[in-house]
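Thanks for coming. I will walk through one structure this morning, and I will keep to what the coordinates support.

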Amino acid sequence: MALLEVENLQTHFRTPSGINRAVDGVSFHVNEGETLAIVGESGCGKSVTSMSLMRLVPEPPGKIAGAIRFAGRDLLQLSDREMRAIRGNEISMIFQEPMTSLNPVLTVGRQIRETLMIHQGLDKQAAEAHAIEMLTLVGIPEPKRRVREYPHQLSGGMRQRVMIAVALACNPKLLIADEPTTALDVTIQAQILKLMLGLKRRVGAAIILITHDLGVVAEIAERVMVMYAGRKVEEAPVAELFRSPRHPYTQGLLGAVPKLGSSLAGTATRLAEIPGQVPDLRKPIIGCVFAGRCALATDLCRQYAPGLEEKGPRHIAACHYAAKGAVAA
Amino acid sequence: MSPPLLQVNDLKKHFPINKGLFGQQTEWVYAVDGVSFEIARGETLSLVGESGCGKSTVGRAILRLFEITAGQVILDGQRIDDAHPSTMRQMRRRMQVVFQDPFSSLNPRMRVRDILAEPIRNFGLAKSAEDLEVRVTTLMDTVRLPREALNRRPHEFSGGQRQRIGIARALAAEPELIVCDEAVSALDVSVKAQIVNLLQDLQQKFGLALLFISHDLAIVEHMTHRVAVMYLGKIVEVAPRREIFAAPRHPYTKALLSAVPLPEPGAQRNPIILGGDVPSPIHPPNGCRFHTRCPFVFDRCRIDEPELRSTGNGQWVACHLETLPQV
């Protein structure tokens, strides 16, 4: 059985200019120990999806509907108190910006201790010892000294390591990483990605990785789900998705990213553009969400939204034409 | 050979930090510490490096958004770092800038029409009101925005469209050089591709020289002619695109390139993972500035600072090693 099963998740926000359907009927699952990447551009609903899983969406103006079954329980049916026992304990989260997600007036050690004392009932000394252990695990030099330091005394890369230590302190079954390396420089990003890969093997937590960086996806994900305008448009194992993307949006996304080394291979050509822009989610969308920007869109696409269909082994996409092979890369 | 459009000689910019109760103890941030390069007409030179390496400071120093500490900036044979304000004004027309954040770099109270007309009026480029109108509408066509949008204000546009407005504003002054300071970094993948293509088209059409400041190496490789790699306020390597991406000579360049995750699952790559963090530009290390993180460091690097030396094919590298060991 899957560790997490999300069914028809709808997260809508009431705004002065209408209801914003940020996430509109998304279903997916994550198996134990698996890494699922959720990919898409700003406003596609990937972060709102992750916030919904943690029930961190402010209600109102937000409203979450559907079902989020985690280890057999529907998170949307739990009381706030029950939910608090899960957050940071069984499901934890790493955010993009380590400066704003760590408390600047508390020492690093205290922030790691806090989760251990609340969720695991450890006393202060045991928690402190465990905090030092966690800092060692995430590769922070001199953990005994660092544990007494404040976030501003650490560099960006170090702060992200601390965030990871906080998130993993209680041995969560599921870790949600929302753009964990986006704010970091490439050499530091390489350090953090290596750390995450190593930890995945050692800790065995399932990971939901939210990102727009296809390079990071290729590096650490096993399965990928592509979102566009609040919907899931494609899902496949990572190698399959990069080798034969079926949805025109996914194809466009892959074509729009230049590859390092392409000028040497002589394959450097003009970047593929996806014309136009993301539709306004406050207006109801009739037909396929991507029809307005799709070169292959027909009247069929503009009138009827395609359902997710199987296009290959464990590969689904929401496109009327993908199955016929009419969509060429 | 005609002289380069832009020449930067031993540029330095040190920012003071006042410490102590009355600000009497002054320390310095050595943001840019001796940088030299040239840009030819119609050429793209990319300045790459990680946060804090000084690449944006170089861009701003060239535009003379502040006074430099030492060195020379020469535009088309004329020194501009110490030019008189009246001459400087004319020189400013010839170099324009596109900033990273299209949300904060456009005045929210101005209509697009006024944003574009301002540089044209400022430099007296239009002969008449009709001419001004023609210029403004042509600019909209050039950056592929609808003409009706001229009467709207920036908040009505998406990020990509705003960046087009920013580019149109830069073009309005008919510049020869545009400094693109992380001009596509804040944009989404699909929109980024649109803007990169637009910049390349404009370069061809107007013979523009671009100083492309970026940390995104894949985009840089896609659109540049030459690359200068910066680390802690210095250029560690400068070379044509082919040389830098095929055969980087500096260990930092090599590490930087190997750290970029490739959009190819299962790709065999062997990243050089640099330990630690970039040292502070207030107290840069002695000797080679990269020695604290370099995997090939030896005694000389800690004492003796390497100068940029030519290794042929237009490639220059600041490293004591003749060839890099295999990793």
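In what order do the four strands of the open sheet in chain B lie? The order is 2-1-4-5, and the pairing is antiparallel. Before I go further, please keep in mind that this is a predicted model.

Let me stay with that sheet. Strand 2, residues 25-39, and strand 5, residues 78-79, are the edge strands of chain B. Each has a single partner strand, so one side of each has no neighbour in the sheet. Strand 1 of chain B covers residues 6-19 and runs antiparallel to strand 2 of chain B, with 12 bridges between them. If you want a pair to find on the screen, K13(B) is opposite V32(B) of strand 2. For anyone who works mostly at the bench, strands of a sheet pair through backbone hydrogen bonds, and the pairing may be parallel or antiparallel.

A helix packs on this sheet: helix 1 of chain B, residues 55-62. Helix 1 of chain B touches strand 1, strand 2 and strand 4, the last being residues 70-75. The direction of the helix makes about 110° with that of strand 1 of chain B.

Now chain B as a whole. Chain B contains 10 helices and 12 strands. Its C-alpha atoms fill a box of roughly 70 × 55 × 50 Å along the principal axes. The radius of gyration is 21 Å, which agrees with the value near 20 Å for a compact globule of 327 residues. Of those 327 residues, 45% are buried. Among contacts in chain B with a separation of 6 or more, 64% are between residues 24 or more positions apart.

Next, the interface. How many residues of chain B are in contact with chain A? There are 37, and they meet 40 residues of chain A. On the chain B side, four helices supply at least two residues each: helix 6 (189-206), helix 7 (217-223), helix 8 (241-246) and helix 9 (251-258). Helix 6 of chain B gives the most, with six residues. By class, the chain B side has 21 nonpolar, nine polar and seven charged residues.

Over to chain A, and helix 8, residues 186-203. This helix has 18 residues and reaches 25 Å from first C-alpha to last, close to the 26 Å expected at 1.5 Å a residue. Its buried residues include V186(A), I188(A), I192(A), M196(A) and L199(A). What covers the buried residues of helix 8 of chain A? Part of the cover is from chain A, including helix 7 (156-168) and helix 9 (214-220), and helix 9 of chain B is included as well. After helix 8 of chain A comes G204(A), with a positive phi near 75°.

Chain A also has a hairpin, in which two residues connect strand 1 to strand 2. Strand 1 of chain A, residues 4-15, and strand 2 of chain A, residues 18-30, run antiparallel and are joined by 10 bridges. Here R14(A) is opposite I19(A) of strand 2.

Last, some backbone geometry to check by eye. Most residues other than glycine have a negative phi, and most peptide bonds are trans. The loop between helix 1 (46-53) and strand 4 (62-70) of chain A contains P60(A), and P61(A) is found in that loop too. The peptide bond joining E59(A) and P60(A) is cis, with omega about -20°. The bond from P60(A) to P61(A) is also cis, with omega near 5°.

R55(A) lies in the loop between helix 1 and strand 4 of chain A. Phi of R55(A) is positive, near 55°, and the residue is not a glycine. R55(A) has 18 other C-beta atoms within 10 Å and is partly exposed.

Is E142(A) buried or exposed? E142(A) counts as exposed, because it has 10 C-beta neighbours inside 10 Å and the cut-off for exposed is 12 or fewer. E142(A) sits in the loop between helix 5 and helix 6 (143-146) of chain A, and its phi is positive, about 50°.

Helix 5 of chain A, residues 124-137, includes L137(A). L137(A) is partly exposed, with 19 other C-beta atoms within 10 Å. L137(A) and A165(A) are 28 residues apart in sequence, and their C-alpha atoms are 7.8 Å apart in space.

That is where I will stop.

Notes:
Residues numbered from 1 in each chain as written. Chains lettered and ligands numbered in written order. Predicted model: local features only at pLDDT ≥ 70, side-chain atom pairs only at ≥ 80, totals over all residues. Contact = placed C-beta atoms within 7 Å. Nonpolar A, V, L, I, M, F, W, Y, C, P; charged D, E, K, R; others polar. Pairing = 2+ DSSP bridges. Axes fitted to C-alpha atoms, helices over the stretch in contact; angles between N-to-C directions. Buried ≥ 20, exposed ≤ 12 C-beta atoms within 10 Å, placed from the backbone. Expected span 1.5 Å × (residues − 1). Rg over C-alpha atoms; globule rule 2.2 N^0.38 Å.
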